[in-house]
Amino acid sequence: MKGAKKIGEVYEQSKEAKKYFAVLNGYFIYLYKDKKDVEYESYYYLKNCEIQRNSEISSEKKPFEVIFTNQVNKLTFGF
């Protein structure tokens with residue numbers, strides 16, 4: 001996690017919300033199951049993302065959702 005710019009909890013919003021410990025480093029966001037994990041669960045490229053708030057909030061999801069879209073990914077995270 002050396003050189004990490006931001007560290008905190010996020011919920012990846014796919015079919016169901018999954019809690020992760022997120023590390024933003026350079027153009028990537030790395031998702032870990034736990035703060036103590038050495039290996040990340042998954043990672044995403046975020047350079048040149050369009051960022052928008054999700055206006056279609058359902059009761060199963062977190063109250064604040066952000067959608068990141070670029071040429072490589074379309075991700076939804078909840079806070």
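These are my notebook entries on a predicted model of a protein, written as I looked things up.

**Entry 1: the overall layout**

I started with the secondary structure and found zero helices and seven strands. Reading from the N terminus, I noted the elements as β-β-β-β-β-β-β. The protein has 79 residues, and buried ones make up 32% of them. I also looked up the accessible surface, which comes to about 5800 Å². Carbon and sulfur atoms hold 48% of that surface. For contacts with a separation of 6 or more, I noted that 21% link residues 24 or more positions apart.

**Entry 2: strands 5, 6 and 7**

Next I followed strand 6, which covers residues 65–69. Which strands does strand 6 pair with? On one hand I found strand 5 (residues 50–53), joined to strand 6 by four bridges. On the other I found strand 7 (residues 74–78), joined to strand 6 by five bridges. Strands 5 and 6 run antiparallel, and strands 6 and 7 run antiparallel as well. I wrote down one facing residue for each pairing: I51 stands opposite F68, and V66 stands opposite F77. Strands 6 and 7 make a hairpin, with four residues between them.

Is strand 6 mostly covered or mostly open? I found it mostly covered, with four of its five residues buried. Strand 7 also has four buried residues out of five, so it is largely enclosed by the rest of the structure.

A reminder to myself for looking along any strand: in a regular strand the side chains alternate between the two faces of the sheet.

**Entry 3: the nonpolar core**

I then asked which residues build the largest nonpolar core. There are eleven of them: V10, Y20, A22, I29, L31, Y44, L46, V66, F68, L75 and F77. Strand 2, strand 3 (28–32), strand 6 and strand 7 each give at least two residues to this core.

I picked V66 from that list for a look at its surroundings. Setting aside neighbours within four places in sequence, I found V66 in contact with I51, Q52, L75, T76, F77 and F79. Two of these contacts, L75 and F77, are fellow members of the core.

**Entry 4: aromatic rings**

I looked up the aromatic pairs and found ten in the structure. One of them is F28 with Y30, a tilted pair with 6.1 Å centre to centre and 35° between the planes. Another is F68 with F77, which is edge-to-face, at 5.8 Å centre to centre and 65° between the planes.

Why does F28 count as partly exposed? Its relative accessibility is 27%, and partly exposed covers the range between under 20% for buried and over 50% for exposed. F68 and F77, in contrast, are both buried.

I also noted one aromatic cluster, formed by Y27, F28, Y30, Y32, Y40, Y43 and Y45. Both rings of the tilted pair, F28 and Y30, belong to this cluster.

**Entry 5: two asparagines in loops**

My next stop was N48, in the loop between strand 4 (42–45) and strand 5. The backbone of N48 caught my eye: its phi is positive, about 60°, although N48 is not a glycine. N48 counts as exposed because its relative accessibility is 67%.

Then I turned to N73, in the loop between strand 6 and strand 7. Is N73 buried or exposed? N73 counts as buried, because its relative accessibility is 16%, and the cut-off for buried is under 20%. Beyond residues up to four places away in sequence, I found N73 touching Y44, Y45 and F68. With Y45 there is a polar contact too: a polar atom of the N73 side chain lies 2.8 Å from the backbone oxygen of Y45. Two of the residues that N73 touches, Y44 and F68, are in the core list of Entry 3.

**Entry 6: a look at K18**

I closed with K18, which sits in strand 2 (residues 17–25). K18 counts as partly exposed because its relative accessibility is 35%. Which residues does K18 touch, not counting those up to four places away in sequence? I found V10, Y11 and E12. V10 is also one of the core residues. Last, I looked up K18 and G78, which are 60 residues apart along the chain. Their C-alpha atoms are separated by 9.3 Å.

Methods: Residues numbered from 1 in each chain as written. Predicted model: local features only at pLDDT ≥ 70, side-chain atom pairs only at ≥ 80, totals over all residues. Heavy atoms only, no water. Buried < 20%, exposed > 50% of the residue type's maximum accessible area, 1.4 Å probe, protein only. Contact = heavy atoms within 4.5 Å. Pairing = 2+ DSSP bridges. Core = buried A, V, L, I, M, F, W, Y, C linked by side-chain atoms within 4.5 Å. Phe/Tyr/Trp six-rings, centres within 6.5 Å; stacked < 30°, edge-to-face > 60°. Polar contact = N/O pair within 3.5 Å; in protein donor to acceptor, adjacent residues only side chain to side chain. Areas by Shrake-Rupley, 256 points an atom, 1.4 Å probe, with all protein chains shown as cover.
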